[in-house]
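This note is addressed to a colleague who is meeting the structure for the first time. The points below concern charged side chains and one further residue.

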2 protein chains.
Amino acid sequence: MIGRLNHVAIAVPDLKAAAEQYATTLGAKVGAPQDEPDHGVTVVFIELPNTKIELLYPLGEDSPIKGFLEKNPAGGIHHICYEVDDILAARDRLKEQGARVLGTGEPKIGAHGKPVLFLHPKDFNGCLVELEQV
Amino acid sequence: MIGRLNHVAIAVPDLKAAAEQYATTLGAKVGAPQDEPDHGVTVVFIELPNTKIELLYPLGEDSPIKGFLEKNPAGGIHHICYEVDDILAARDRLKEQGARVLGTGEPKIGAHGKPVLFLHPKDFNGCLVELEQV
């Protein structure tokens, strides 16, 4: 069912410093910061040859990663995202097998403009898993 | 400098259950468990089309992930691994820029039989970063 690893998302306490570190110290291809007000984050994409790293920084008071950074002030890996062909079929299969889908269970439009769902970390070895329909 | 994302490593409290979940619930291609006594882990590789997930379970009393699972009993993302062409050149560049290399600073032979180094999570947004020479 799951396909490519679409991205690894890392919450960072200083987006400018983290982006500069990936560009300079690690020599990666780093994009410009993008505000995603609907998702409460500012994102910088790191393009690797086979996948992406997304650096996440809180945007606005209700940012979903604000609490994460309070618990992890140095930052940390926030979630991993797997691609699926059919997000509703994926959701139904997961629910049948007892996995919990976060929120209403209906896909939202994610930061890449595609339908996404998040799965409960407690059901997936402590990892927050995002599914994105591609 | 960094190339492909070689793998994302997830420490899991129950290797059999986690491998089965990736095979059945998530429908991924899952390998057989491999003991890596030199690294204190048993590993199951999940092969995605563009990268790998490594499920890690402690092997032996001195396993480097035992403490991680004590702190994170449900499991969690343990590290991410970037590929580099020349690990000594990468190390020297990182050290010049103030990043800390864990251990002696000399590459070890990793679980894939290739030279690896780990970088200090505090220097990389709370992420443990492995570099592997490919």
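How many salt bridges does the structure hold over all chains? The total is 12 over all chains. The model is a predicted one, and the points that follow should be read accordingly.

1. The first pair to examine is in chain A, where the side chains of Lys29(A) and Glu47(A) form a salt bridge, with 3.7 Å from N to O. Lys29(A) belongs to strand 2 (residues 29-30) and Glu47(A) to strand 4 (residues 41-47) of chain A, so the pair ties together parts that are 18 residues apart in sequence.

2. The two partners of this pair may also be described by their accessibility. Lys29(A) counts as exposed because its relative accessibility is 56%, and exposure requires a value over 50%. Glu47(A) has a relative accessible area of 46% and is therefore partly exposed.

3. A second salt bridge in chain A joins Glu106(A) to Arg91(A), whose closest N and O atoms are 3.1 Å apart. Here too the pair links distant parts of the chain: Arg91(A) sits in helix 3 (87-96), while Glu106(A) is in the loop between that helix and strand 7 (108-109), 15 residues apart.

4. Is Arg91(A) buried or exposed? Arg91(A) is buried, at a relative accessible area of 11%. Its partner Glu106(A) is partly exposed, at 46%. The pairing also belongs to a wider arrangement, since Arg91(A), Asp92(A) and Glu106(A) are linked in a network of salt bridges.

5. Chain B provides a further example. The side chains of Glu61(B) and Lys66(B) meet in a salt bridge, at 3.1 Å from N to O. Glu61(B) is exposed, with a relative accessible area of 62%, whereas Lys66(B) is partly exposed, with 30%. As general background, side chains of opposite charge can pair when their charged atoms come close.

6. The last point returns to strand 4 of chain A, in which Thr42(A) lies. With a relative accessible area of 8%, Thr42(A) is buried, the cut-off for that class being under 20%. The side chain of Thr42(A) makes a polar contact with the side chain of Asp35(A), at 2.8 Å.

7. Which residues are in contact with Thr42(A), leaving aside its neighbours within four places in sequence? Among them are Leu15(A), Pro33(A), Gln34(A) and Asp35(A). The list also includes Leu55(A), Leu56(A), Tyr57(A) and Leu59(A). Asp35(A) is thus named both as a contact of Thr42(A) and as its polar partner.

Conventions. Residues are numbered from 1 along each chain as its sequence is written. Chains are lettered from A and ligands numbered from 1 in the order in which they are written. This is a predicted model: local features need pLDDT of at least 70, side-chain atom pairs count only at pLDDT 80 or more; totals for chains, interfaces and linings use all residues. Side-chain values use heavy atoms; hydrogens and water are left out. A salt bridge is a side-chain nitrogen of Lys or Arg within 4 Å of a carboxyl oxygen of Asp or Glu. Helices (H or I, at least four residues) and strands (E, at least two) are DSSP runs, numbered from the N terminus. Buried means under 20% relative accessible area, exposed over 50%, partly exposed in between (1.4 Å probe, protein chains only). A polar contact is a pair of N or O atoms within 3.5 Å; within protein, one must be able to donate a hydrogen and the other to accept it, and residues adjacent in sequence count only if both atoms are side-chain atoms. Contact means heavy atoms within 4.5 Å.
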